[in-house]
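Trainee: I have a model open and would like to learn how to read its features. Could you walk me through it?

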Amino acid sequence: MREVMTKSMARNIFYGGSLFFILIFVGLTAHSHFYITKTSTDKATLTESVAQGKLLWEKHACINCHTLLGEGAYFAPELANVMTRWGIEPGDHEGAFTALKGWMDAMPTGIEGRRQMPNFGLTDEEYRQIADFLLWTNTIHAQDWPPNDAG
C-alpha cells in the first residue's frame, strides 16, 4: 500500500463510505417503520374515538406539560401508563372516563406553590375520547417504558 493517499483513493473512500451509511440509514428506517406498524402499535383497537382523543391531545397541547411514551415535556407526569396507575382495567372505557373526568374537573385545585393542570372545559364526549386515547396508549408495547410505575 502507498504511504500517500491520492485524490482518487480519497474520493473512492468518501463515496463508498457515504453509500454504505446511506444504505444502513435506509435499512434502519424501514426496520423502524415495520416495527412500529406491525409490532409496537395495537392497530386492531385503534378506533375513531381514539383518533379523536389524539386530535384533542394535540389541540390542547398536552405534550407541552406531559410526556407520552417518553416524548414531550417533563413538567407533568408521563401518561403512557396512567390508566394502569389509576387501576383502570384494559377495556374499561366507563371507568377510564369517570377517573379522567373526575381528575380534570378538580383542576386547578388552587393550592399555592403546586403545579396545576388547567381546566379546559371539555364536554363529556371529549373526556371519553381522551380517556379512550389514554386507554389505547396503555396497550402499546413500549419496551418497558416508563421505567417505573409512577410514570
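Trainee: Which side chain does Arg 128 meet in a salt bridge?

Mentor: Happy to help, and do keep in mind that this is a predicted model. Let's start with the general idea. Side chains of opposite charge can pair when their charged atoms come close. Here, Arg 128 pairs with Glu 94 in a salt bridge, with 3.1 Å from N to O. The two residues come from distant parts of the chain, 34 residues apart: Arg 128 belongs to helix H5 (residues 124-137), and Glu 94 to helix H4 (residues 93-105).

Trainee: Are Arg 128 and Glu 94 buried or exposed?

Mentor: Neither word quite fits. Arg 128 is partly exposed, at 31% relative accessible area, and Glu 94 is also partly exposed, at 44%.

Trainee: How many salt bridges does the count come to?

Mentor: The count comes to 4 salt bridges. A good one to look at next is the pair formed by Lys 101 and Asp 105, whose closest N and O atoms are 2.9 Å apart. Their spacing along the chain is worth a look: Lys 101 and Asp 105 are 4 residues apart in helix H4, so about one helical turn separates them. Lys 101 is partly exposed at 23% relative accessible area, and Asp 105 is partly exposed at 37%.

Trainee: Which other side chain meets Lys 101 in a salt bridge?

Mentor: That would be Asp 124, with 3.4 Å from N to O. This pair links distant parts of the chain, since Lys 101 lies in helix H4 and Asp 124 in helix H5, 23 residues apart. Because the salt bridges share partners, Lys 101, Asp 105 and Asp 124 are joined into one network. Asp 124 has a relative accessible area of 41%, which makes it partly exposed.

Trainee: Let's move on to cysteines. How many disulfides does a search of the whole structure find?

Mentor: First, the general idea. A disulfide is a covalent bond between the sulfur atoms of two cysteines. In this model, the search finds 0 disulfides.

Trainee: Why is there no bond between the sulfurs of Cys 62 and Cys 65?

Mentor: Look at the distance. The cysteine sulfur closest to that of Cys 62 is in Cys 65, and it is 8.3 Å away, too far for a bond. A disulfide needs the two sulfur atoms within 2.5 Å. Starting from Cys 65 leads to the matching result, with Cys 62 holding the closest cysteine sulfur, at 8.3 Å. As for their surroundings, Cys 62 is buried, at 15% relative accessibility, whereas Cys 65 is partly exposed, at 31%.

Trainee: What about nonpolar side chains: which residues make a nonpolar surface patch?

Mentor: Phe 20, Phe 21, Ile 24 and Leu 28 make one of about 430 Å². To find your bearings, take Ile 24, which sits in helix H1 (residues 7-40). Ile 24 has a relative accessible area of 39%, so it is partly exposed.

Trainee: One last contact, please. Which side chain does a polar contact of 2.5 Å join to that of Glu 58?

Mentor: The partner is Lys 54, and the contact lies between the two side chains. You will find Glu 58 in helix H2 (residues 48-59). With a relative accessible area of 45%, Glu 58 is partly exposed.

Notes:
Residues numbered from 1 in each chain as written. Predicted model: local features only at pLDDT ≥ 70, side-chain atom pairs only at ≥ 80, totals over all residues. Heavy atoms only, no water. Buried < 20%, exposed > 50% of the residue type's maximum accessible area, 1.4 Å probe, protein only. Patch = residues over 30% accessible without salt bridge, like charges linked within 9 Å, V, L, I, M, F, W, Y side chains within 5 Å. Areas by Shrake-Rupley, 256 points an atom, 1.4 Å probe, with all protein chains shown as cover. Polar contact = N/O pair within 3.5 Å; in protein donor to acceptor, adjacent residues only side chain to side chain.
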